[in-house]
Amino acid sequence: MRERLWRIAAELGYREWFIPEPRWALIDDHLPFLQRGIPAVDIIDFDYPAWHTTADTLDRVSPHTLEAVGRVLEHFLESEPP
């Protein structure tokens with residue numbers, strides 16, 4: 001699933017935000033889904049300094065990156081077989 005999402009991002013011109021090289025591994029809230037066989041992908045901007053801090057407020061969220069993620073997910077869902 002991750003490969004498909006990153007491929008869609010590249011096709012849409014969002015390589016700036018969807019960098020295909022793994023940088024970090026972490027335990028996060030998507031793991032219980034994976035453990036139960038439900039496909040899940042974490043899309044995290046590790047260059048966002050406010051991530052998981054008290055400074056992580058709506059006014060700091062980039063509308064450009066939020067749109068990029070939304071467009072990629074939109075295309076992904078539209079391309080999924082019924």
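This is a short talk about a predicted model of one protein chain, its helices and a few of its charged residues.

Hi everyone, and thanks for coming. Please keep in mind throughout that we are looking at a predicted model. Let's start with the whole chain and then go into the details.

The chain has 82 residues, and 16% of them are buried. For secondary structure, we get 3 helices and 0 strands, so if you follow the chain from the N terminus, the order of elements reads α-α-α. Taken along the principal axes, the C-alpha atoms fill a box of roughly 40 × 30 × 25 Å. Now look at the contacts between residues with a separation of 6 or more: 61% of these are between residues 24 or more positions apart.

Let's move to helix α3, which covers residues 63-79. How far does α3 reach from its first C-alpha to its last? With 17 residues, α3 reaches 24 Å, close to the 24 Å expected at 1.5 Å a residue. At the start of this helix, S62 has a side-chain oxygen within 3.2 Å of the backbone nitrogen of H64.

Which residues of α3 are buried? They are A68, V72 and F76. Seen down the axis of α3, the buried residues fall within an arc of 65°, so they line one face of the helix. Here is a handy rule for reading a picture like this. An α-helix has 3.6 residues a turn, so residues three or four places apart point the same way. Over on the other side of α3, the exposed residues are P63, L66, L77 and E78.

And what do the buried residues of α3 pack against? The answer is α1. To see that from the α1 side, find I8, which sits in helix α1. I8 is buried, with a relative accessible area of 11%. If we leave aside neighbours within four places in sequence, I8 is in contact with V72, H75, F76 and S79. You have met two of those already: V72 and F76 are among the buried residues of α3. Another pair to find is I8 and L73, which are 65 residues apart in sequence but have C-alpha atoms 8.8 Å apart in space.

Now for the charges. Side chains of opposite charge can pair when their charged atoms come close. How many salt bridges does a search of the whole structure find? It finds 2. One joins the side chains of E67 and R71, at 3.5 Å from N to O. E67 and R71 are 4 residues apart in α3, which means about one helical turn separates them. The other joins R71 and E74, at 3.4 Å from N to O. R71 and E74 are 3 residues apart in α3, so they too are separated by about one helical turn. Since R71 is a shared partner, the salt bridges join E67, R71 and E74 into one network.

Are these three residues buried or exposed? The answer is in between: E67 is partly exposed with a relative accessible area of 40%, R71 is partly exposed at 38%, and E74 is partly exposed at 35%.

R71 has other company as well. Not counting residues up to four places away in sequence, R71 touches L12 and Y14. H52 is another matter: R71 and H52 are 19 residues apart along the chain, and their C-alpha atoms are separated by 24 Å.

To finish, let's visit the loop between α1 (2-11) and α2 (31-35), where we find D28. D28 is buried yet has no salt bridge. How far away is the nearest side chain of opposite charge? That side chain is R36, and it is 14 Å away. Leaving aside neighbours within four places in sequence, D28 is in contact with D42, I44 and H52.

D29 lies in that loop between α1 and α2 too. D29 counts as exposed, because its relative accessibility is 56% and the cut-off for exposed is over 50%. In sequence, D29 and W6 are 23 residues apart, and in space they are 20 Å apart, C-alpha to C-alpha.

So, please take two pictures home with you. One is α3, with its buried residues packing against α1. The other is the network of E67, R71 and E74, joined by salt bridges that share partners. Thanks for listening!

How values were computed. Residues are numbered from 1 along each chain as its sequence is written. This is a predicted model: local features need pLDDT of at least 70, side-chain atom pairs count only at pLDDT 80 or more; totals for chains, interfaces and linings use all residues. Side-chain values use heavy atoms; hydrogens and water are left out. A salt bridge is a side-chain nitrogen of Lys or Arg within 4 Å of a carboxyl oxygen of Asp or Glu. Helices (H or I, at least four residues) and strands (E, at least two) are DSSP runs, numbered from the N terminus. Buried means under 20% relative accessible area, exposed over 50%, partly exposed in between (1.4 Å probe, protein chains only). Lys and Arg count as positive and Asp and Glu as negative; His and the chain ends are not counted. Contact means heavy atoms within 4.5 Å. The expected span of a helix is 1.5 Å times one less than its number of residues. The arc is that of the directions from the helix axis to the C-beta atoms. A polar contact is a pair of N or O atoms within 3.5 Å; within protein, one must be able to donate a hydrogen and the other to accept it, and residues adjacent in sequence count only if both atoms are side-chain atoms.
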